[in-house]
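Student: Could you walk me through reading side-chain contacts in a model like this one? I would like the general idea before each case.

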Amino acid sequence: MMPKGRRPGPERPPSAVKPQGLLSRSETPWRQLSSRPVYSNKWMSVREDLVALPDGRTTIYGVVSCGQCVGLLPLLDRDTVLLVRQYRYVAGRPTWEMPTGGVHPGETLEQAAQRELAEETGHRARRLRHLSTYHTSKSVVDETAHLFIAEGLRKAETTPDDTEFIDVRPFSLDAALRMVLRGEIVDGMTVIAVLLAARRREARHGHARR
């Protein structure tokens, strides 16, 4: 006899019940069996790993390690951003983007962000607000990006990177957003930062109207 209040329904077969503590294949970590360095310079390294898969097979996996990087969207005021333009060798063309760069050994994320801002725009920020932390590639590149909004900009004496040839120009945030939506800004870090900044501004204005 069925207990009161309970409706009949299909029972899950025993195989569909996941025992506590048992991981599915999609959750099972791959195990590194061996690793050998292939190439390195001061910006990146490449290694080749022998990896054990969840089903017992093994495979070769190439990994490009770039470490941590920072990107910051500099705000001259609430609705105006500074973007930089430089020739990108791999893309084969100049692109508009926000200041970005790698984190040097011994630097905090904030120190790296202030250094990149100064090197690429000649400014420092009184405030850095965290926007996002994410993996730039989920496949073969080991790189974590940390995005900030830079506010309270002031001119700063700095030594530019001698391999960078940069133009700096202010844009309205709306113009930067249109450049993202039209595919004119193609740098992934800048795309994410502009979309998040625009979304935050929209949410803030929405609360203000209530």
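Tutor: Happy to! Let's begin with exposure: a residue is buried under 20% relative accessible area, exposed over 50%, and partly exposed in between. Keep in mind that this is a predicted model.

Student: Is arginine 36 buried, partly exposed or exposed?

Tutor: Arginine 36 has a relative accessible area of 45%, so it is partly exposed.

Student: Which residue forms a salt bridge with arginine 36?

Tutor: That is glutamate 48, with the closest N and O atoms 3.3 Å apart. The pair links distant parts of the chain, since arginine 36 is in strand 1 and glutamate 48 in strand 2, 12 residues apart. Glutamate 48 is partly exposed too, at 29%.

Student: How many salt bridges are there?

Tutor: The count comes to 13. Among them is the one between arginine 115 and glutamate 107, at 2.7 Å from N to O. Arginine 115 counts as buried at 13% relative accessibility, whereas glutamate 107 is partly exposed at 22%. Both belong to a salt-bridge network with Glu116 and Glu119.

Student: And how is a pair of aromatic rings described?

Tutor: By the distance of the centres and the angle of the planes. This structure holds 2 aromatic pairs. In one of them, the rings of tryptophan 30 and tyrosine 61 have centres 6.0 Å apart and planes at 80°, so the pair is edge-to-face. Tryptophan 30 lies in the segment before strand 1 and tyrosine 61 in strand 3, so the pair ties together parts that are 31 residues apart in sequence.

Note on methods:
Residues are numbered from 1 along each chain as its sequence is written. This is a predicted model: local features need pLDDT of at least 70, side-chain atom pairs count only at pLDDT 80 or more; totals for chains, interfaces and linings use all residues. Side-chain values use heavy atoms; hydrogens and water are left out. Rings of Phe, Tyr and Trp (its six-membered ring) pair if their centres lie within 6.5 Å; planes under 30 degrees apart count as stacked, over 60 as edge-to-face and the rest as tilted. Helices (H or I, at least four residues) and strands (E, at least two) are DSSP runs, numbered from the N terminus. A salt bridge is a side-chain nitrogen of Lys or Arg within 4 Å of a carboxyl oxygen of Asp or Glu. Buried means under 20% relative accessible area, exposed over 50%, partly exposed in between (1.4 Å probe, protein chains only).
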